[in-house]
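Subject: Structure handover

Hi,

Here is the structure I promised to pass on. My notes follow below it.

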Amino acid sequence: MSATAAVQRDPAPLDRAAHDRMANAIRALAMDAVELAKSGHPGLPMGAADIATVLFTQFLKFDAADPQWPDRDRFVLSAGHGSMLLYALLYLLGYEAMTIDQIKRFRQLGSNTPGHPENFETPGVETTTGPLGQGLGNAVGMAIAERHLAAQFGEIVDHHTYVLASDGDLMEGISQEAIALAGHLKLNRLIVLFDDNGISIDGPLSLADSTDQVKRFQASGWNATRIDGHDPQAIASAIAKAKSSDRPTMIACKTTIGFGAPTKAGKSSSHGSALGADEIKGAREKLGWSAPPFEIPSDILNGWRAAGARGKDARKAWEQRLAALPVETRGEFARRHNGDLPLGYADTARAFKEKLIAEPKEVATRVASENALGALTGAVPEMVGGSADLTGSNNTRPKGMAVLSADAFAGRFIHYGIREHGMAAAMNGMALHRGIIPYSGTFLVFSDYCRPALRLAALMGERVIHVMTHDSIGLGEDGPTHQPVEHLAALRAIPNMRVLRPCDAVETLECWQLALEHKDGPSVLALTRQNLPQLRREMTTRNLCAAGAYEIAPSIAGQASVSIFATGSEVAIAVEAKKLLDARGVLTRVVSVPCFELLAAADADTRRGVIGDAAVKVGVEAAVRQGWDAIIGADGVFVGMTGFGASAPYKDLYRHFGITPEKVAEAALSQLGT
Ligand SMILES: Cc1ncc(C[n+]2csc(CCOP(=O)(O)OP(=O)(O)O)c2C)c(N)n1
Ligand SMILES: [Mg+2]
């Protein structure tokens, strides 16, 4: 038995009447808050109140006084529409930030009780949920992070991850990716409580689904059982059993949505709107709840507050165990948990850059990335890589990086399988868990398959890094299905996301640094399949890409009449075009634009300075124009793609689509009127 288990035994169950009263406190708060807001979802909190009461009063390891305790159990409300369940729990358990006033301000501007749970707004909320299926995917990542860090730090990492998932969570495709990965990795600390109420928005589930979820989970290597979700004893014994399992567990808890509502219980009408005064009056009678709205009788509140404090001793004991560790281990644990990069990181990056300058190479940026990773992952042990079955193409596994598997959680490379969406959601969970900087690989065109999770990473401000290779028609023969054209623009449209498209090995290193240093948001590194010349030949300690754009080839004499802006593989084309223009006496400069977002974030003078005031501005990117007008203006010339690509060797494609030095020079000249 581990030390933690010795300190915190699961407490004795409440008697049935006490249990009911505590569960009804959740139901009452949910009804009242939704009624006052005239908006929200009372059905799930009322239906799942028994599950939550058993979990939080008997099993969940946490201390309401310290929502950030690193070794707390994680609870993920994957069915984010049931947010009032979580807010009611946080209030009842005594989380300081969750006052009754906040409950009364449910869904109002500036409250910490937004429509769906947002981890960055509300202490005690582990992740932002609402898009169904994402929370389950996050939880898989949290459970991976727990096992990985336990393998590295020993018994100071020893917790469970619980999920409350609804029918909708399990109908979403992402759930299959998440479940299969968790089953394969034998994540036995992961316990999913399925709110098996048979109802979704359109009505009974039978309208659209006839899956046997228990069999489905079992087929993916899980334990799965079916219980009465209103029977506290059944819930408790199922969770107790799950905790000692060698596999992840799914408990299908048969519940009644809107439990207690006299006419709406069991119906989709209780799912997503205020119950109305009469229905609430009837529910209060049915549940035997006589307290006025937003009032919790003191004995019930005291019971909940005691549950909120019952983990205090376990937390104190954990702090002592941490304090007993060697000072270096403690420091390292704290550093990783806080998300600070290690001291040696900057020196490693600088030494690697010096090497790149000393030995210039013509390589694809995906290969440059692999080389950079060789250096960076050595210096940054919290980087955990992976790929969605394209390891050899994405170059995300540097030499010597061990694989993370069910038998070896200390490994740092995850074979995610062909599960881009599940991968991206799991990475969000790893980042949220803290202690890990996850990075992954897939093709840029499949960013669409990750997009819902990428968006949430950006919203949550989580540092996840996606290596996305084969970033244009430059991938060649695989053709238009694999050639991204709109993806750079689509990713740039996501707020708080860094889209980095380096032009050579030196920029690739600098972009990796920008991604690692972007502590409060995700990054995508768009990298080439094809080789590129090394354009950066001089050592600069400064990270030139940090400005978002910089002059990579200045005008040879005085003011330029043409500025060419390009990203990634097209920067070399721009540099060749400049030679053609210079030869014709047209003074030209080239600006590399590895990151639109950083350029946009620069102050206006800096931005104006780098954009310059040449008579002609040309943008070059083997992608659609959308977004480029911010740099080249509506009158600027754009050389890129206007539709889908084609299947052919890449050099033929660049010629076919007119993305060549000659065409760029021609476009500039015609705009100049010469
Ligand atoms: C990806 C996604 N699609 C659609 C929705 C809109 N939506 C919210 S809840 C829900 C389904 C409700 O059914 P269920 O998940 O069983 O929750 P319950 O009504 O039982 O609480 C839907 C379609 C969503 N939140 N996320
Ligand atoms: Mg349902």
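Let me start with one contact. R434 and E462 form a salt bridge through their side chains, at 2.9 Å from N to O. R434 sits in the loop between α18 and β11, and E462 in the loop between α19 and β12, so the bridge ties together parts that are 28 residues apart in sequence. The two ends differ in exposure. R434 is partly exposed, with a relative accessible area of 32%. E462 counts as buried, at 3%. Keep in mind that this is a predicted model.

**Other salt bridges**

The structure holds 40 salt bridges. Here are some of them.

- R321 meets E155 at 3.4 Å, N to O. This pair links distant parts of the chain: R321 is in helix α13 (residues 312–323), E155 is in the loop between α6 and β2, and their positions lie 166 residues apart in sequence. R321 is buried, with a relative accessible area of 15%. E155 is partly exposed, at 41%.
- K215 pairs with D212, with the closest N and O atoms 3.9 Å apart. K215 counts as exposed at 57% relative accessibility. D212 is partly exposed, at 29%.
- D63, D66, K312, R315 and E319 are linked in a network of salt bridges.

As background, side chains of opposite charge can pair when their charged atoms come close.

**Helix α19**

Helix α19 covers residues 447–460, which makes 14 residues. From first C-alpha to last, α19 reaches 18 Å, close to the 20 Å expected at 1.5 Å a residue. The helix has a kink of about 40°, centred on A453. A453 is also one of the buried residues of α19. The others are S447, C450, L454, L456, A457, A458 and M460. Some of this spacing fits a general rule: an α-helix has 3.6 residues a turn, so residues three or four places apart point the same way.

What covers those buried residues? The cover includes α6 (134–153), α18 (420–433), β11 (437–443), β12 (465–469) and α20 (487–492). After α19 comes G461, with a positive phi near 70°.

**Strand β2**

Is β2 enclosed or open to the outside? In β2, 6 of the 6 residues are buried, so the strand is largely enclosed by the rest of the structure. T161, V163 and A165 point one way, while Y162, L164 and S166 point the other way. In a regular strand the side chains alternate between the two faces of the sheet.

β2 has parallel pairing with two strands, β1 and β3. With β1 (residues 74–77), the pairing runs over 4 bridges. There, T161 of β2 is the bridge partner of R74. With β3 (residues 190–196), the pairing runs over 6 bridges. L164 stands opposite L193 in β3.

**Magnesium site**

Which residues coordinate the magnesium ion (ligand 2)? The donors are D167 (OD), N197 (OD1) and I199 (O), at 2.1 Å. Their spacing in sequence is D-x29-N-x1-I. D167 and I199 link distant parts of the chain: D167 is in helix α7 (residues 167–171), I199 is in strand β4 (residues 199–200), and they are 32 residues apart. D167 and I199 are both buried.

Best wishes

Notes. Residues numbered from 1 in each chain as written. Chains lettered and ligands numbered in written order. Predicted model: local features only at pLDDT ≥ 70, side-chain atom pairs only at ≥ 80, totals over all residues. Heavy atoms only, no water. Donors = N, O, S within 2.8 Å, 3.2 Å for Na, K, Ca; no water. Buried < 20%, exposed > 50% of the residue type's maximum accessible area, 1.4 Å probe, protein only. Expected span 1.5 Å × (residues − 1). Bend = angle between axes of the 7 residues up to and from the residue. Contact = heavy atoms within 4.5 Å. Salt bridge = Lys/Arg side-chain N within 4 Å of Asp/Glu carboxyl O. Pairing = 2+ DSSP bridges.
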